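Student: I should like to take a close look at a single part of this protein and then follow the account outward to other parts. Please treat the matter formally and in connected prose.

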Amino acid sequence: MANASGFFTHPSIPNLRSRIHVPVRVSGSGFCVSNRFSKRVLCSSVSSVDKDASSSPSQYQRPRLVPSGCKLIGCGSAVPSLLISNDDLAKIVDTNDEWIATRIGIRNRRVVSGKDSLVGLAVEAATKALEMAEVVPEDIDLVLMCTSTPDDLFGAAPQIQKALGCTKNPLAYDITAACSGFVLGLVSAACHIRGGGFKNVLVIGADSLSRFVDWTDRGTCILFGDAAGAVVVQACDIEDDGLFSFDVHSDGDGRRHLNASVKESQNDGESSSNGSVFGDFPPKQSSYSCIQMNGKEVFRFAVKCVPQSIESALQKAGLPASAIDWLLLHQANQRIIDSVATRLHFPPERVISNLANYGNTSAASIPLALDEAVRSGKVKPGHTIATSGFGAGLTWGSAIMRWR
């Protein structure tokens, strides 16, 4: 069975650590590192041991630690068909294309409409990623859906698992971390592979923030779009490891700068109290408010914390910035992207950005931009990427990874 650390144990072995004398320390990246293994052995899984059912516990062989790496082997993306331009928004609020493009860097965004659904976009992106990776749905061990806007309050990952045709009923669950969600999904995938023995993990970043935008507020409605992106992370030999390090943080005090809080219904009558005829019970029906954001504070947070996080991830990976082929940031604001690149001394030609075409797509922005860069031939096998997500929570995280 698996214990809380993700390692496999047998009931007859009460203390695995006392039976396996392998020096292990915790690296700065947060992964477990054995001093006997390569610098990039970040964690290990325990191999299964064939046993005769009639054997006594004392005859069991000791479990064997097997170092495991993981790498990205496929990507895909999907966007809604409805395109909303800056000129379209100028018909709704007091703004114009030049103002938005100059200050934010966005010209168009895609918005769910009609029969579109977030699950549908996620399935389309995941299917493309699986095809590129040459992995069939039956071989997926885990589906991670990184989203803050699921179609169902209880999560969307199991619906995606079903729609893909994963017949072995693999584990599927949601990760809610807003614009940092995809990076945290990568970290989770790596931990499941290295510590839990999983082989193929599907990581999806998808959001439909347009459903939580006040389209009369020109400060926020110009920013967001809807999309989905996905990658397949696969177990590999430690020599081929492709996720070198990560750095993750949260600061709940920053919630006041960016949130979409639960609010109670303000309607009069019976519906406002959810059928209540006395006091405060049952609770009133509630929903989420539109996105509330202090743009200046979020900008200050991003340009300060993101470079520090990437530098920390590089240090943990033992790599200089010069070893990075591409800088891929959450696509929130072109000024943020440019400021971070400048502070890290990355030239513009080594920075991936598709913000102008899609706006801020939250957890989808990094895998969406990665997929376009890979399919266009910009990102090639063997290229090393520094990526960072940041946003509501406040939460931020960075990862140093190699493509394929």
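Student: In which strand is I73 found?

Tutor: The model is a predicted one, and in it I73 is found in strand β5, which covers residues 69–78. I73 has a relative accessibility of 7% and therefore counts as buried, the cut-off being under 20%. Leaving aside residues up to four places away in sequence, I73 touches M132, A133, V135, V232, Q234, W403 and R404. One of these contacts, Q234, is 161 residues from I73 in sequence, yet the C-alpha atoms of I73 and Q234 are 6.9 Å apart in space.

Aromatic rings also join separate parts of the chain. The structure holds 2 aromatic pairs. In one of them, F212 and Y288 meet edge-to-face, with 6.3 Å from centre to centre and 80° between the planes. This pair links distant parts of the chain: F212 belongs to the loop between β10 (200–208) and β11 (226–236), whereas Y288 belongs to strand β15 (residues 286–288), and 76 residues separate them. F212 has a relative accessible area of 23% and is therefore partly exposed, since that class lies between 20% and 50%. Y288, at 46% relative accessibility, likewise counts as partly exposed.

F301 and W396 form an edge-to-face pair because their planes stand at 70°, over the limit of 60, while their ring centres are 5.3 Å apart. F301 lies in helix α7 (residues 295–317) and W396 in strand β20 (residues 395–402), so the pair ties together parts that are 95 residues apart in sequence. F301 counts as buried at 9% relative accessibility, and W396 is buried with a relative accessible area of 11%.

Rings also take part in contacts with charged side chains. R218 lies over the face of W99, at 5.2 Å from the ring centre. Similarly, R335 places its charged end over the ring of F299, 4.8 Å from the centre of that ring.

Finally, there is the arrangement of two further strands. Strand β8 (residues 142–146) pairs with strand β9 (residues 171–175) in the parallel sense, over 5 bridges. Within this pairing, M145 of the one strand stands opposite D174 in β9. Together with helix α5 (residues 157–164), β8 and β9 make a right-handed β-α-β unit.

Conventions. Residues are numbered from 1 along each chain as its sequence is written. Side-chain values use heavy atoms; hydrogens and water are left out. Two strands pair if DSSP finds at least two bridges between them. Helices (H or I, at least four residues) and strands (E, at least two) are DSSP runs, numbered from the N terminus. A crossover is right-handed if, with the strands pointing away from the viewer, the path from the first strand over the helix to the second runs clockwise. Rings of Phe, Tyr and Trp (its six-membered ring) pair if their centres lie within 6.5 Å; planes under 30 degrees apart count as stacked, over 60 as edge-to-face and the rest as tilted. Buried means under 20% relative accessible area, exposed over 50%, partly exposed in between (1.4 Å probe, protein chains only). A charge sits over a ring if NZ of Lys or CZ of Arg is within 6 Å of the ring centre and within 35 degrees of the ring normal. Contact means heavy atoms within 4.5 Å.
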